[in-house]
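Thank you all for coming; I would like to walk you through one structure this morning, slowly and piece by piece. Please keep the picture in view while I talk.

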Amino acid sequence: MRPGTTAADTGPHPDTAAARTAAAHTEGAPVTAARKASRTRRARGRATGAAAGVLLTPFFVLFTAVTVVPIGYALWLSLFTEKQSGLGFGGATSVFSGLDNYTAALGDRAFREGFWVLAGYCVVYIPLMVAGALALALLLDSTLARARRFFQLALFLPHAVPGIIAALVWVYLYTPGLSPVVKAMNSGGIGFDFFSSGGTLPSVVNIALWEWLGYNMVIFYAALQAIDRSVLEAATMDGAGEWRTAFGIKLPLIRASLVMVSLFTVIGSLQLFTEPLILNQGGSSTVTSTWTPNMYAYTAAFSRNDYGLAAASAVLLALAAALLSFVVTRLTNRKGAKA
Amino acid sequence: MSRSWTRSASALVGTATALAVLTACGGGDSKSDGAGKGTADKPVTITFWAWQKGSKDVVDAFNASHKNIRVKFEEIPSGNAGGYAKISNAVKAGNAPDLVTVEYPMLPEFVSQGSFQDISKYVTDDVKKQFLPQSIQQTTLGGKNWAIPFDAAPQAYFYRKDFFEKNRIEVPKTWDEFKAAAQKAKAADPKARIGTFFPDDPTTFEAMAWQAGAQWFKADGDTWKLNTADAATHKVADYWQGLIDDKLVQNAVSFSPEWTASLKDGSTVGYLGASWGAGVLKGTVPDQSGKWAVAPVPTWDGKPASGMLGGSTWAVTKGSTKTEAALEFAQWMSTTPEGIDARIKSGTSSAFPADVALRPTAKKAFDTSFYAGQDIYRLFDSAGSSINANWGWGPSMGTTNTTLKDQLGKVAGGSVKITDAIGAAHDATVTELKKRGLKVEG
């Protein structure tokens with residue numbers, strides 16, 4: 001998102017610069033020069049158009065092949081159901097079934113419960129993530145911080161571990177009878193079962209936080225570093241302390257990153273899949289195979305062989321994600337407009 | 001589920017190796033001129049997907065002794081760990097291998113998806129009579145044959161002989177005695193449990209319902225009759241609910257690190273499994289060699305009875321044009337001493353061949369020192385013949401077992417009772433069958 005904005009920002013600059021140069025050159029003969037300039041501009045426009053076309057083609061080819069076509073195929077699949085006859089041992093034929101798969105998904109309690117699990121996850125995870133990453137970034141950016149580079153790297157390091165590996169490591173750390181952490185907690189009098197029905201959500205949130213906190217922290221930190229230092233100096237001159245600077249100056253200035261991180265976190269949360277799947281396969285029987293909507297789609301396709309249902313539930317999840325992203329963007333924009 | 005596949009797989013492996021020692025009905029090189037079978041000059045290449053231990057060795061042995069057929073082997077994850085998904089995706093995409101492995105419970109699901117070929121004309125009476133009748137019955141759906149059986153998987157009870165002897169606990173013959181033994185063990189050592197409830201493994205529970213005489217799926221004409229609320233299922237569900245509520249059994253995911261840790265530290269001293277479990281257990285806790293023994297699974301009335309827990313077959317995929325070559329290889333794996341021998345020699349398998357004549361081969365090849373020399377194959381033999389012949393699997397076991405697994409996971413937490421879990425699986429199955437356009441009652 002941000003790279004896109006930057007490109008749009010810098011886009012016009014060369015042209016303006018070119019126009020300025022052109023203007024400087026033609027001071028002596030305004031009319032001819034202006035005509036010449038407009039001609040060059042037109043030529044340049046054509047060239048730019050061609051260049052843009054060439055440069056954008058690979059993107060659109062890939063975009064079509066790996067995004068548009070699969071989405072279209074999923075929509076198509078979601079409209080069909082496999083029907084069988086007799087005892088069902090004569091093979092299946094694909095039959096158009098309209099929106100049946102959608103009503104089947106929405107009518108399935110397991111699918112609906114998945115959204116409740118997601119809601120619970122979002123309520124716990126998103127505030128913890130955004131606040132945590134922000135707090136760490138502000139700490140690193142404050143004048144009090146020591147060994148910045150070290151902490152920056154150390155905090156980011158978990159993100160370099162692939163999600164599956166991270167989940168596997170955490171499953172080990174959660175497993176009673178195996179985990180040194182559980183053992184230490186037990187001997188300290190804190191008996192917590194990470195695999196119990198109440199412990200599942202915190203277990204998953206913990207893995208996700210561990211993985212993503214450093215990543216989001218780096219985004220915030222980069223934004224903080226980009227703040228014009230003279231603004232901060234001015235604030236200090238006016239007598240603002242660290243707290244005041246952080247909340248009164250820095251936060252409003254990195255609002256764009258805040259919005260972006262929130263948006264990405266919301267979308268990422270909706271797609272919750274890897275961590276609970278590994279928990280499901282690795283020892284926690286309380287994480288069901290349909291625990292999140294994404295897992296529901298996966299199970300429908302690969303355990304139940306119902307590709308139509310899988311496609312329909314995936315489309316429903318995508319719709320939910322689009323809706324929520326829209327809400328988040330609108331909310332933050334309105335706030336921005338007021339400020 | 002997947003774990004049980006793995007277990008059965010390794011069991012199969014064991015059997016295979018043992019059989020190979022004998023010289024028996026052979027690889028059929030002589031009939032290599034049939035269509036699709038290839039010749040020494042023009043060998044046919046087939047691809048084969050499996051996860052059973054020793055498959056690679058079996059393939060190598062086959063390739064070394066056959067000139068007309070080349071087998072290209074690719075190891076895939078075990079069924080529930082993604083193997084079944086891989087197979088059904090490949091079939092859908094049209095790039096499936098010629099021959100794949102599938103366990104008895106999942107065979108109807110694949111057949112109903114149209115993934116496999118009808119091989120009835122190759123499974124002649126001569127072929128059928130080589131196998132345990134129950135294994136042929138399990139691979140016959142809608143009057144047609146769909147797979148070549150590999151192993152049978154009668155239930156068995158594995159226990160720590162040293163623990164039972166030290167605490168003077170009788171090896172239970174009935175389920176009542178099993179409960180009493182569990183109480184006695186717990187009294188002797190508050191941490192000790194003589195069995196485990198596997199919340200992730202519906203097939204273990206189903207095997208016990210099967211043993212008790214339940215018959216969940218019945219085909220009547222072209223209607224499926226579902227009956228999960230029968231007396232036998234109730235009896236088993238209530239019994240296990242009691243064991244769980246009284247904390248007389250462990251609650252751990254089957255073959256999880258947690259369960260393995262409990263075996264290692266001696267808090268799990270018994271395991272209700274099946275024939276293939278002998279090899280798996282041996283591989284899981286090799287340092288407890290000599291301390292384990294095997295007994296017939298406890299029964300309700302003291303008379304021998306068994307369900308079947310897992311067990312593997314070989315099936316030819318829909319798109320394959322090399323049916324005969326694939327079947328020749330499949331039969332070689334299942335029904336020749338060479339095939340069985342190559343498999344068992346490669347690993348720690350205790351497979352119990354569905355081909356009755358090859359059991360001595362398997363027995364000979366299996367190293368029983370882990371069980372202090374006990375003749376475990378003789379025990380499997382009698383357990384195998386006591387397998388209740390009534391049980392059949394339904395056409396949507398993917399849905400049935402996934403739902404049952406999800407619900408059984410909540411039993412230990414107390415939010416769901418076993419009977420509720422079965423009810424949920426029942427409802428999900430009915431919904432699924434109706435969605436597919438099948439007639440269903442129950």
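**Chain A, chain B and where they touch**

Let me begin with residues 253–273 of chain A, a span that is 81% helix and 0% strand, and whose end C-alpha atoms lie 34 Å apart. I should say early that we are looking at a predicted model. A second stretch, residues 307–328 of chain A, is 100% helix and 0% strand, with 31 Å between its end C-alpha atoms. Both stretches are among those that an unreviewed UniProt entry annotates as "transmembrane region", the others in chain A being 49–76, 115–138 and 150–173.

Stepping back, chain A is divided into domain 1, residues 23–65, and domain 2, residues 100–338, and the centres of these two domains, taken over C-alpha atoms, are 44 Å apart.

Now to chain B, which has 18 helices and 17 strands, and whose C-alpha atoms fill a box of roughly 70 × 50 × 35 Å along the principal axes. Why do we say that chain B agrees with a compact globule? Because a compact globule of 442 residues would have a radius of gyration near 22 Å, and chain B has 21 Å. Of its 442 residues, 62% count as buried, and among contacts in chain B with a separation of 6 or more, 80% join residues 24 or more positions apart.

Finally, where the chains meet, 30 residues of chain A are in contact with 34 residues of chain B. On the side of chain A that touches chain B, β1 (80–83) and α14 (293–302) of chain A each give two or more residues, with β1(A) giving the most, three residues. By class, that side of chain A has eight nonpolar, 19 polar and three charged residues.

Conventions
Residues numbered from 1 in each chain as written. Chains lettered and ligands numbered in written order. Predicted model: local features only at pLDDT ≥ 70, side-chain atom pairs only at ≥ 80, totals over all residues. Domains from an automatic or database assignment. Contact = placed C-beta atoms within 7 Å. Helix = DSSP H or I, 4+ residues; strand = E, 2+ residues; numbered from the N terminus. Nonpolar A, V, L, I, M, F, W, Y, C, P; charged D, E, K, R; others polar. UniProt positions renumbered as here; feature names shortened; annotations may be inferred. Rg over C-alpha atoms; globule rule 2.2 N^0.38 Å. Buried ≥ 20, exposed ≤ 12 C-beta atoms within 10 Å, placed from the backbone.
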